[in-house]
Amino acid sequence: MNRIFFRFFVLVMLSITVATFFIYVAISRLFGDPLDDIARRQAAAQIFLLEQYIDKAPADEWLVRLNKVREVSDVKLDLVPLASARAALPAKQHAALDRGELVLDTAHKAFYRRVDLHGESYIGSAEEVIHAQELPIDIGLALEMEAVRYVIVALFLLVPAALWSRSHWLGLQALSRVADEVGAGQLAARAVFKPRASIYPLAERFNHMAGRIEDLLDAQKNLLHSVSHELRTPIARLEFALELLRSAAGDPALETRIAAMEGDVAELNGLVNELLSMIRLDSRQALQQADFELAPALLGCVDALDPLAAQPQVRLDGALGSMSGDRRLLVRAVGNLLRNAQKYGNGRIALSARRTDGVEIVVEDDGPGIPEGERGKVFEPFYRIDRSRDRSTGGFGLGLSIAQKAVALHGGTIAVEQSEMGGARFVIALPV
C-alpha cells in the first residue's frame, strides 16, 4: 500500500510541476512574464508617484518635484543618459524603452523610463532616463507564496486520492487472498464485495472464473472416478474368465498366452487402483490424522519392498520422534520413491531421515538420474522420461505424482536433485 501510494504521490507531484511550468510558459507568451507583473504590483507606489505626481508637473517644475520625491522616498531616483540605460537592459526591452514605457529590471529591483520623448520637461530631457533603484521588490516572497499554493493544491488532491487508493488496495488484497485460496485447492472460495465497491466487476469475473474451474475439475474427477469404478467390473470378469480358461486348457503354448493375458489384466487393475488413489488424494478428506512414530514407519517402508531387488542402506536420525499426519499416505509416498530407486538404480539405494526445524526424508540411488530439464515434470501424472517407457520398468507414471500429492496434503514439499551416488536424489521436507 505504501509503495503504491508513494508512486501515485510522486506521479501527481510531477504532473502538477509540469502543469505549473506549462502554465507559466503559456501566460508568459500570451500576457507577459508573471514575475514582472508581481514586481510591478510591489513597486506600484513608486510608479504612481512618477506617473501621477512628477509627470503631472508643469515643464518648469518637473525637476523640482523629482527632488521633493527624492527627499522623502527610500527609493533612489537618478537621471542617466539614454545610451547608458539601453546598455544596462537586454535588447528585447530596448523597443519598450524607446516608446517611453516603464521597463522593469526585476533582478536588480529597479526600473527605467525615459523622462519624455520630446524634451518638454527640461532642456535635453528627451535624451535622459529616470532610473529608480532599491525598489521594494521581493520575488522570493512571491515564489514562496506560489509554492505554498502549490503544496496546498497537491495535498487537497492527494488526500482524496489516498483514500480512494486505500479502498482499491484493500479490495485488491481481499481478492488476492481469495486467489491464493483457490490456488491452494480451495475451489469453493469466492470474493464477496458490495456492488458499490470499485473492484466489484473484477471480483464478479473472478468468481465466475473460479466457478468454471471448480465445475470443470469436479466433472473431470467424477468422470475419472466413474470410469475407474466401471473398469473394475470387466476386469474382474476377465480375471475370472482367464482362471476358468487356465483350468480347462492343457496346451503349454496356450498356458503361456494366458499368463501374458493375466499380466495385462493385473497391469490394468493396478492402473485403476492408482487412478482411484489419485482421486482420493485430491481432497483433504483423504487424510486420517494421528500421531505416529516416524522411524518405525520408515522401516516398515523398507520391509514392504521386493526382497529380491536391491535393498536400501538406512540411516535414520535417533531423534526422529513422532509427528502428526496420515501414516498410511506418508508410508506410501516414501514406498513409491524406494520402489522407483529399485527400478532405476544399479544396486545401491539409500534411505535417510533427520529432524531439524522439520523432518527431512531423503531417498537416493546410483542410477542414471533425472535430467535437470525434466525434474519439474516427473511429478506430473502419466509423465515418464524416455528411458522409463519400456514395459519392464516404466510403470504408469503415477507413483511420483501420488507421492507429491500425499506430501502436499501434509503441508510439505518434495524435490528431486542430483545424488552424490550418481543417480536421483528425492528430498521430502515435512513440517512438524
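**Exercise 1. The chain as a whole**

Among contacts in the chain between residues at least 6 apart in sequence, what percentage join residues at least 24 apart? State also the secondary structure content and the buried share.

*Solution.* The model is predicted, so local features need pLDDT of at least 70 and side-chain atom pairs count only at pLDDT 80 or more, while totals for chains, interfaces and linings use all residues. Residues are numbered from 1 along each chain as its sequence is written, and side-chain values use heavy atoms, with hydrogens and water left out.

Step 1. Contact means heavy atoms within 4.5 Å. Of the contacts between residues at least 6 apart in sequence, 61% join residues at least 24 apart.

Step 2. Helices (H or I, at least four residues) and strands (E, at least two) are DSSP runs, numbered from the N terminus. The chain contains twelve helices and eleven strands.

Step 3. Buried means under 20% relative accessible area, exposed over 50%, and partly exposed in between (1.4 Å probe, protein chains only). Of the 432 residues in the chain, 35% are buried.

**Exercise 2. Packing of α2 on α3**

Describe how helix α2 packs with helix α3, and locate the buried residues of α3.

*Solution.* Step 1. Helix α2 spans residues 34-42 and helix α3 residues 44-54; they pack at an angle of about 70°, with axes 5 Å apart. Axes are lines fitted to C-alpha atoms, for helices over the stretch in contact, and angles run from 0 to 180 degrees between N-to-C directions.

Step 2. Angles under 35 degrees count as roughly parallel, over 145 as roughly antiparallel, 65 to 115 as roughly perpendicular and the rest as oblique. The two helices α2 and α3 are therefore roughly perpendicular to each other.

Step 3. From α2, Arg40, Arg41 and Gln42 meet Ala44, Gln46 and Ile47 of α3. This contact is made up of two nonpolar, two polar and two charged residues (Ala, Val, Leu, Ile, Met, Phe, Trp, Tyr, Cys and Pro count as nonpolar, Asp, Glu, Lys and Arg as charged, and the others, Gly among them, as polar).

Step 4. The buried residues in α3 are Gln46, Ile47, Leu50 and Ile54. Viewed down the axis of α3, they fall within an arc of 105°, so they line one face of the helix; the arc is that of the directions from the helix axis to the C-beta atoms. They pack against α2, α4 (62-72), β3 (110-114) and β4 (128-133).

**Exercise 3. The two sides of α4**

Which residues of α4 are buried, and which exposed residues are on the face turned away from them?

*Solution.* Step 1. Trp62, Leu66 and Val69 are buried in α4. Down the axis of α4 these residues fall within an arc of 60°, so they line one face.

Step 2. An α-helix has 3.6 residues a turn, so residues three or four places apart point the same way.

Step 3. The buried residues of α4 pack against α3, β1 (76-81) and β4. The face turned away from the buried side carries the exposed residues Glu71 and Val72.

**Exercise 4. The nonpolar cores**

Describe the largest nonpolar core, then follow Ile361 and strand β8.

*Solution.* Step 1. A nonpolar core is a set of buried Ala, Val, Leu, Ile, Met, Phe, Trp, Tyr and Cys residues joined through side-chain atoms within 4.5 Å. The largest has 37 residues, and Leu338 and Ile361 have the most contacts inside it.

Step 2. Among the elements that give two or more residues to this core are α10 (294-303), α11 (327-344), β8 (349-355) and β9 (358-365). The most comes from α11, with seven residues.

Step 3. Beyond residues up to four places away in sequence, Ile361 touches residues including Leu298, Val334, Leu351, Ser352 and Phe426. Ser352 is in strand β8 and is buried, at 14% relative accessible area.

Step 4. Ile349 also lies in β8 and is buried, at 2% relative accessibility. Leaving aside neighbours within four places in sequence, the contacts of Ile349 include Leu338, Ala341 and Met421.

**Exercise 5. Positive phi**

What is the phi of Lys109, and what is the phi of Glu134?

*Solution.* Step 1. Lys109, although not a glycine, has a positive phi of about 55°. Lys109 lies in the loop between β2 (103-105) and β3 and is partly exposed, at 40% relative accessible area.

Step 2. Glu134, which is not a glycine, has a positive phi of about 60°. Glu134 is in the loop between β4 and α7 (139-183) and counts as exposed, at 56% relative accessibility.
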